[in-house]
Amino acid sequence: FRMEMEIAIALGCSVGFTFGGLVFVAYKLGLLYQLFLHKTQSPRHGGESVAEVLRAHEVKFVFTLVGGHISPILVACEKLGIRIVDTRHEATAVFAADAVARLSGTVGVAAVTAGPGLTNTVTAVKNAQMAESPLLLIGGAAATLLQGRGALQDIDQMSLFKPLCKFCASVRSVREIVPTMRKALAIAQSGTPGPVFIEFPIDTLYPFHLVSKEFGVKNPPKGLMGKVVTWYLHNHLKNLFAGAWETRDVSPLPVHIPQATDDQVQKCIELVSRAKKPVILLGSQATLPPTPTDDIRVALESLGIPCFLGGMSRGMLGRNSPLHIRQNRKYALMDADLVLLAGTVCDFRLSYGRVLNRRSKIIAVNRDKTQLLKNSDMFWKPNVAIQGDAGSFLLRLSKGLMGHKCPEDWPQRLKAGEVTKEKANRGKADEKTDCHLNPLSVLHRVDELMADDSIIVADGGDFVGSAAYIMRPRGPLRWLDPGAFGTLGVGGGFALGAKLCRPESEVWIIYGDGSLGYSVAEFDTFTRHKTPVIALVGNDACWSQISREQVPILGSNVACGLAFTDYHIVADGYGGKGTLIGREDEDKLDDIIKEAQKETREGRATLLNVLIGKTNFREGSISV
């Protein structure tokens, strides 16, 4: 009897495994799905599903460089009222989407074609990852059956983007488009924001009648093999479109944002209330949704604690706040008895934490655990480390300290030191350079004349480093720089995205002459899409930030020299208005700047090609 039972069990297992295997194979081939959702033929196409999800998520712009792999997406988006903005380089499309994400609080979207179209975006996607920008990259791909078989522009795209993105997916059937899109968009905004990537094989985007023509075998093998091949292709086609046009929910999925616990907030309230010399270092994370930046500004003013602002938080306190300290950060941190790192990371920008006084109480708040504790095993230790949203934490801290304010003599002392240093720096702007214009003087003039609603885009090294210490954003979300990656070439894309988000604002790109080369062609984009911006080019015919150290250390200026190129003529050629500014124009500089502002109000992008001389003004990184 026992033997019979064992035999029966063995047979049952064998049958079960066989049946299970058959079910699995049927599932992989899509046979089960086709049994219940057999409708495949329709004039609709997968691009329409993509567009419907984007519209439901309030996406207003899709940046692109067109390619046949993604045409259905672009056409469908245009029909639904989503503006398609085509650029002259795929990296610019991603940079523009990055800027939209930062300024609008939504996900920025870029769509590019397969192969080289996608590889051209890698630097920009990595920049978005390090800048923590929620961004969706849509990429075309070879047809599902042709991947790995030598099709045009077919490479392993997923391997490229998995290290760069929070989420990567390759759509394998039309019915997967909506759920995959919703999931990706939610992940991009949850936790620490960042880029996500979805690959769309070309046969998931075009309509059934076109795809079916490509699946037809003109001369199939004879006999059994021919029948198997024909059946497989026919089944693959049916599975590709089965259930494609069912009604699906396209609304946004919930977004998870980590928050500090009540106990953590209370502990911080107690630490801050006892501090005599507290300092806040505010990073870009503090500007992320869901907390409005105006509410954060009110909270900071209520706390009365002196603040150093970096990245996107520049301008948070307006142009001339007594709490905003711009100079002598190193000395302030040495003297502080409490430091609050609100979205600020102890990387190279804070000397890996070495600038923090070991006697100071340190509160660190960051959505990302790795960034929260970076280098804490070596140079610094937080008293309280909170994996949570910096903006909402500041509101809760301010509420808990209602009625308490930082001793006024502390911010006044720091402000006095700043005034002294800035007076000395201003004196350097009045010095004559050996030739051409003093770049510091030019930047001061622009800062004084730019409109109160201006957005400043920083793209460069030496010239832009000076601008970071001279130019004062008038409000929150009015300064755009690449962030921790230090990428050159962001200017054209950032300015394009900024002008589309804030069409009423003046948008200034502060370019070095080296970085201008990456995106000067986007003056064509500014012209075609009626997005007039002002480009201020510091033209010293050199990669000066490198040359300053390379020459004294290694004794050679090799590869650092450029030419005093007529960039203003290039801008003219692309439909903009270019102006050359030299030393002979020094007395007319204000009038030239005002004329450029007038040109942009009338709808024409302008480029001011300013010939500048060398100064010995040296400050640190533009991103804090």
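**Exercise 1.** At what angle do helix α3 (residues 46–56) and helix α4 (residues 71–79) pack, and how far apart are their axes?

*Solution.* The model is a predicted one, in which local features need pLDDT of at least 70 and side-chain atom pairs count only at pLDDT 80 or more, while totals for chains, interfaces and linings use all residues. Residues are numbered from 1 along each chain as its sequence is written, and side-chain values use heavy atoms, with hydrogens and water left out.

Step 1. Helices (H or I, at least four residues) and strands (E, at least two) are DSSP runs numbered from the N terminus. Axes are lines fitted to C-alpha atoms, for helices over the stretch in contact, and angles run from 0 to 180 degrees between N-to-C directions.

Step 2. Helices α3 and α4 pack at about 50°, and their axes are 8 Å apart. That makes α3 oblique to α4, given that angles under 35 degrees count as roughly parallel, over 145 as roughly antiparallel, 65 to 115 as roughly perpendicular and the rest as oblique.

Step 3. The contact (heavy atoms within 4.5 Å) brings Gly47, Glu48, Val50, Ala51 and Leu54 of α3 against Pro72, Ile73, Ala76 and Cys77 of α4. These residues divide into seven nonpolar, one polar and one charged, where Ala, Val, Leu, Ile, Met, Phe, Trp, Tyr, Cys and Pro count as nonpolar, Asp, Glu, Lys and Arg as charged, and the others, Gly among them, as polar.

**Exercise 2.** Describe how helix α5 (residues 90–104) packs with helix α7 (residues 122–131).

*Solution.* Step 1. The angle between α5 and α7 is about 20°, with the axes 9 Å apart, and the two helices are therefore roughly parallel to each other.

Step 2. On the α5 side, Ala91, Val94, Phe95, Asp98 and Arg102 meet Ala124, Val125, Asn127, Ala128 and Ala131 of α7. The residues of this contact comprise seven nonpolar, one polar and two charged.

**Exercise 3.** Which parts of the chain does the salt bridge between Asp524 and Arg88 link?

*Solution.* Step 1. A salt bridge is a side-chain nitrogen of Lys or Arg within 4 Å of a carboxyl oxygen of Asp or Glu, and the side chains of Asp524 and Arg88 meet in one at 3.0 Å, N to O.

Step 2. Asp524 belongs to helix α22 (residues 522–528) and Arg88 to the loop between β2 (83–86) and α5, so that distant parts of the chain, 436 residues apart, are linked.

Step 3. Buried means under 20% relative accessible area, exposed over 50% and partly exposed in between, with a 1.4 Å probe and protein chains only. Asp524 is buried at 15%, whereas Arg88 is partly exposed at 44%.

**Exercise 4.** Analyse the salt bridge of Lys614 with Asp540 in the same way, and then place Arg88 in its network.

*Solution.* Step 1. The side chains of Lys614 and Asp540 form a salt bridge of 3.4 Å, N to O. Lys614 lies in the segment after β17 (606–611) and Asp540 in the loop between β15 (534–539) and α23 (544–554), so the pair ties together parts that are 74 residues apart in sequence.

Step 2. Lys614, at 48% relative accessibility, counts as partly exposed, whereas Asp540, at 11%, counts as buried.

Step 3. Salt bridges with shared partners join Arg88 to Asp86, Asp524 and Arg528 in one network, and the structure holds 28 salt bridges.
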